[in-house]
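Student: Hi, could you walk me through this one? I have a few quick questions.

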Amino acid sequence: AQLTAQMAQTIRVNFPEECENVINQLINKVQEISEVYQQMAVFFMRDDVALPEYETLLWRRSDQLRLRVVQLLTFINRRGGRVQLQDVPKPQQTEWKNMQEAVQQSLTFEKQIAEIIEQLYQVARKSSDAETEELVQQVLLKKQTRVIKKIADTITVLKKNGEGLGEFLFCKQVLKPCVRKNTLKLMHVSPYVYPRVVRETVPTCNKPIHQ
């Protein structure tokens, strides 16, 4: 254990414990929300709900968050920090009244992630941790802001359309074309993840969509 600690100190350069703690907090929150998205996807897959386009996007968002966890885990290890994983709590909710309720809850979850990212940015600036600050500005914050905007747009459209037939038409006319445009491809995610991973690309549609 002492040797491991000495090795960590060897590669650790200006990586404050405050930043390490907030990143660990972010990792655990992202893992928790990823599990909730899986629960949502299972619900919208059910035969008495049957919104497969929204279900597909929920699985995709869950996968994106799991990839984000890998990025953050790798970042901590590369900086000489220590990962502190916690138990992932079971999703408290297993059913939703309609799609609008689920999307509204998604917006709350994504804002929680954004708040921790903002906290990380403030801590990194205060401690002059340039690499963590770059991670937040170039990777985390931009993507999170886009996700929140798209979810908010989706809520607005769903409120106008109404539930039932309105949600069904939204999925068929807006979500389905976007889902079809997605393909599997190899893409670099360095310098924060090694070396290449296969993942589904983010929907390229400009229409409101739950990313």
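Student: Which residue follows H3, and what is the sign of its phi?
Tutor: Gly80 follows H3, and its phi is positive, near 85 degrees. Bear in mind that this is a predicted model, where local features need pLDDT of at least 70, side-chain atom pairs count only at pLDDT 80 or more, and totals for chains, interfaces and linings use all residues. Residues are numbered from 1 along each chain as its sequence is written, and side-chain values use heavy atoms, with hydrogens and water left out.

Student: How far apart are the end C-alpha atoms of helix H3?
Tutor: They are 39 Å apart, which agrees with the 39 Å that its 27 residues (52-78) should span at 1.5 Å a residue. The expected span is 1.5 Å times one less than the number of residues.

Student: And Trp59, is that buried or exposed?
Tutor: Neither: Trp59, which lies in helix H3, is partly exposed, because its relative accessible area is 28%. Buried means under 20%, exposed over 50%, and partly exposed in between (1.4 Å probe, protein chains only).

Student: What is Trp59 in contact with?
Tutor: Leaving aside neighbours within four places in sequence, Trp59 is in contact (heavy atoms within 4.5 Å) with Gln38, Ala41, Val42 and Met45.

Student: New topic: how many helices and strands are there in the protein?
Tutor: Six helices and two strands, in the pattern α-α-α-α-α-α-β-β along the sequence. These are DSSP runs numbered from the N terminus: helices are H or I with at least four residues, strands E with at least two.
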